[in-house]
Amino acid sequence: MGIEDKARILITEKCNRDCSGCCNTYSKIMGEARYIDRLTDLPTALKEIMITGGEPMLFPDKTEKIIRELRERYSSSKIYLYSALYRKKLEDIIPLIDGLHYTLHEGATEKDLKLLYGLQELLKINGKDWGEKSFRLYIDNKINLSITIIPNLWRQVNMSKWLTEEELLFKQPGGLPKGELLFIYTGD
């Protein structure tokens, strides 16, 4: 593997949702995953690392610990966190990462919107301190709630349908973007 490669790391398979069409149920993609029990089992050089799950922010201390370890080992790599759950701990995690991809899933409730608004307040209050971080918002188009976003906080906002496994494989025949490997971290 060369420096151009990317790693998507599921640090937990636990999730507070039961979304229909969860990409973690996509057999082609998940069948390509490599299980690791130590972060040192990852390739030695990575251009980008995406931390995901399940839901990483169900375990904010574990997520922070993993990100700190990855940041130490991959000091020049871009590290992104994928989450759908705002926790106050993100205030400690955001300085360690290069970006946050936040998702409002199908079935989002008023509580989910309150969490999004809490995140936006955090980003707004500390906006000048975040530097060049990339904050992206994905909204499933099946959400039937009125959503208020603060556009200048987000580098990118997408509202679209969640792709089925077949649609994703048509778009990306290998399941994952080119040069990206999937790892499932089973360590503590």
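Q: Is L39 buried or exposed?
A: This is a predicted model. Burial is read from relative accessible area, and under 20% counts as buried. L39 has 3% relative accessibility, so L39 is buried.

Q: Where along the chain is L39 placed?
A: L39 is in the loop that joins β2 (34–36) to β3 (48–52).

Q: Which residues does L39 touch, leaving out those up to four places away in sequence?
A: A contact is read from heavy atoms within 4.5 Å. By that reading, L39 touches I66, E69, L70, R73 and Y185. The C-alpha atom of L39 is also 8.1 Å from that of G187, although the two residues are 148 residues apart along the chain.

Q: How should I read T63 in the same way, starting with the element that holds T63?
A: T63 belongs to helix α2, residues 60–73. Its relative accessible area is 0%, so T63 is buried. Setting aside neighbours within four places in sequence, its contacts are I11, P56, M57, L81 and I93.

Q: How many aromatic pairs does a search of the whole structure find?
A: The search finds one aromatic pair. The pair is formed by W130 and F135, with ring centres 6.4 Å apart.

Q: Why is the pair of W130 and F135 edge-to-face?
A: A pair of aromatic rings is described by the distance of the centres and the angle of the planes. Planes over 60 degrees apart count as edge-to-face. The planes of W130 and F135 stand at 75°, so this pair is edge-to-face. W130 is buried at 7% relative accessibility, and F135 is buried at 5%.

Q: What sits over the ring of Y82?
A: The charged end of R8 sits over that ring, 5.0 Å from the ring centre.

Q: Which residues touch the most other members of the largest nonpolar core?
A: A nonpolar core is a set of buried residues of nonpolar or aromatic type, such as Leu, Ile and Trp, joined through side-chain atoms within 4.5 Å. The largest core here has 42 residues, and I9, I51, L70, L90, L119 and W154 touch the most other members. Helix α4 (residues 110–125) supplies the largest share of this core, six residues. Another core, of eight residues, lies apart from it and includes L10, L176, L182 and I184.

Q: What does W154 touch, not counting residues up to four places away in sequence?
A: W154 touches Y102, L116, L119, Q120, L123, F135, R136, L137 and I149. One of these contacts, F135, is also the partner of W130 in the edge-to-face pair.

Definitions and conventions:
Residues numbered from 1 in each chain as written. Predicted model: local features only at pLDDT ≥ 70, side-chain atom pairs only at ≥ 80, totals over all residues. Heavy atoms only, no water. Helix = DSSP H or I, 4+ residues; strand = E, 2+ residues; numbered from the N terminus. Buried < 20%, exposed > 50% of the residue type's maximum accessible area, 1.4 Å probe, protein only. Phe/Tyr/Trp six-rings, centres within 6.5 Å; stacked < 30°, edge-to-face > 60°. Lys NZ or Arg CZ within 6 Å of the ring centre and 35° of its normal.
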